[in-house]
Amino acid sequence: MNVENPTSESVDGVLGRLWNPYVGGFALGLVLLAAFLVLGHGIGASGAAARLGTGAVSLVAPEHVAANPVMGEHVRDGANPLTDWLVFMVVGIFLGGALASMLAGRQKAGVTRGPRISVPLRLALAGSGGILMGFAARLARGCTSGQALSGGALLSVGSWVFMLSVFAGGYALAWFLRRQWR
Amino acid sequence: MNALSGMELTMATSLLPLFGSEGASAEAHFLPAILLGFAFGFVLERSGFGNARILAAQFYLYNMRVFKVMFTAIVTAAVGVALAVSAGLLDFSSLYVPETFLWPHLVGGMLLGIGFIISGYCPGTSIVAAASGKLDGALTVLGVVIGSVVYSELFPWFSDFASSGSLGVFTLPDWLGIGPPVMATAVAVMAAAMFIGAEKVERIFAPRADKVKERSLHKGTLGLVAGLAGAGVAATVVFLAMPAPAEPPAAATGATTISAVEAGRLLVEEPRSLLVVDLRPAPACSEGKDRLPQAVCMADVATELAALPEGRTLLAYGSFDIAADSLPVELAAFPGRVAVLSGGVHAWTHLILAASPAPDLAAGLSDNEKALLPALHSYFTGTAVAVQPAAPRPTIKREIKKKGGGCS
């Protein structure tokens, strides 16, 4: 099977070739399946971000963290909030992404943006979208990785509600943000 | 017989997951987590998910990689899980399935989708973008961290909403009342149809956005998608061919009565999953007269009952018959299957241990049970059997072990 996609150079601003999306999805599904078989748990990304946040706040205000009902769970019984497999998984995601982009010749410092948006505005939007997602992922007990992908593959009703809502939210706002991308 | 096979079904254990939540230490997860994360990040990057413009294109319909990759992955993993469960390799009930909280999932999903189109990434893909050197990706990662803290700080004001619409672990197969492999296949077939639709949508919207439509669904990938649907069908066939799932142990409240022969079979076959309790008055039990193998006295067992692992079968007996509903409270509350030996010690000694079974007791046995008597007699008394000298142990055909028929 032809893994490399011959026409993907036409995709916006991507250097080098990408995998065919169905082949990439199949590979992603195998990774997810391996996680179920080995860990008994899917893939997660936002859980580690929450723990990172707890770790950062506890450097400044440890008593405040311990008293908080959410962050307190991460430091219960004097635990280090970063000693959790979710954090290790995110370290792996970073390393895997770094190696893949390096080997494909795509690892290059820069800002991804459409032709009609300035760099500062693009960065402001990237950061504020991230804040909103950090909040949303905690509310939904997971993000597109842990909830939509992992929970969706296990056919959890809540995960499918979440997944459809993500698409709904994205499509609802897409028109207003078109200048950022096109 | 039914009681026996039912017990076997619930006592079966599967090999996988390798490091489930029970048993394995937290540290055992670290290395597999970093390796799985590595593979996840690598595949995300190669699928183009380290690039915000490709991700955002999903919402402008000219490139639907997000949908294609995500749904192929979901179908692959769902069908894979169904196959592993149907083959008896994977214990579905020990997988972590996210609980359903309807309103937080709905609102959280909408907010995350809005954040997605604003930042151009989701939390996982922003890590890959940062790893590819993209400053906007790194800022999204930072934002997600900050947003999590904001959530924690504001949590006291909406803690009620955060757990509203709770349905517990609730899956589409639970909801629709169909088997998980059937559901996985349905999702696969649906996804295949939607992939064809996605290609059509791209063909319409790519020219409008001055893009060249990415050609991705050709013979090879069509075969891949069809193969996934086929594997789902295979899992469904296996699932439907399996015996009906046994009643879950929780539903088996109240004790059932089993014959001395069935009790003997359990003692031979599954001694370690059996807790035998002698309910005779203290002297008769503690003196050990006619006590069943591995039986303990009530006085010794009362304090340990609460700490016993689930999945065990409790076999209780007295001198003669005990009414199943008059068991001591501690035994009646046992979190598992409770069986009472019909006829008590009297039946045990006169059916199994006696050289020739008492005719009045043997009359109540089925033909299968009668056929087992000589072997059980020999096993528990250690004497050779006159009629079957070549079979000192009972040969008992084992049922195929399947946990809950693949669903839980």
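A polar contact is a pair of N or O atoms within 3.5 Å; within protein, one atom must be able to donate a hydrogen and the other to accept it, and residues adjacent in sequence count only if both atoms are side-chain atoms. Keep that in mind for the tour.

Before you click, know that this is a predicted model, where local features need pLDDT of at least 70 and side-chain atom pairs count only at pLDDT 80 or more, while totals for chains, interfaces and linings use all residues. Residues are numbered from 1 along each chain as its sequence is written, chains are lettered from A and ligands numbered from 1 in the order in which they are written, and side-chain values use heavy atoms, with hydrogens and water left out.

**Stop 1: chain B by itself**

Select chain B and colour it by secondary structure. You'll be looking at 17 helices and 7 strands (DSSP runs numbered from the N terminus: H or I of at least four residues for helices, E of at least two for strands). Of its 408 residues, 53% count as buried, where buried means under 20% relative accessible area, exposed over 50% and partly exposed in between (1.4 Å probe, protein chains only).

Now show the contacts inside chain B (heavy atoms within 4.5 Å). Among those with a separation of 6 or more, 68% come from residues 24 or more positions apart.

**Stop 2: where the chains meet**

Bring chain A back. The contact takes in 135 residues of chain B and 129 of chain A. Want to find the spots on chain B that lose the most area to chain A? Pick B:Phe40, B:Arg46 and B:Arg53, which together make up 7% of what that side buries.

How much do the two chains bury between them? About 11500 Å², with 75% of it on carbon and sulfur atoms. Buried area here is the accessible area (1.4 Å probe) that two parts lose on being put together, summed over both.

Next, turn on polar contacts: 42 residue pairs make them across this interface, both residues being at pLDDT 80 or more. Then highlight helix α7 (residues 135–162) of chain B, which gives the largest share of the side touching chain A, 21 residues. That whole side divides into 87 nonpolar, 35 polar and 13 charged residues. Here Ala, Val, Leu, Ile, Met, Phe, Trp, Tyr, Cys and Pro are nonpolar, Asp, Glu, Lys and Arg are charged, and the others, Gly among them, are polar.

**Stop 3: a bridge between chains**

The rule finds 2 salt bridges across the interface (a side-chain nitrogen of Lys or Arg within 4 Å of a carboxyl oxygen of Asp or Glu). Zoom in on B:Glu45 and A:Arg106, whose closest N and O atoms are 2.8 Å apart. B:Glu45 sits in helix α2 (residues 30–46) of chain B and A:Arg106 in the loop between α5 (85–103) and α6 (119–139) of chain A, so this pair joins two chains. B:Glu45 is buried at 3% relative accessibility, and A:Arg106 is buried too, at 8%.

**Stop 4: a network inside chain B**

Last, select B:Lys68, B:Glu199, B:Glu202 and B:Lys213, which are linked in a network of salt bridges. Start with B:Glu199 and B:Lys68, at 3.0 Å between their closest N and O atoms. B:Glu199 is in helix α9 (residues 180–208) and B:Lys68 in helix α4 (residues 65–86), so the pair ties together parts 131 residues apart in sequence.

Swing over to B:Glu202, which forms a salt bridge with B:Lys68 at 2.9 Å. Buried or exposed: what is B:Glu202? B:Glu202 counts as buried, at 0% relative accessibility.
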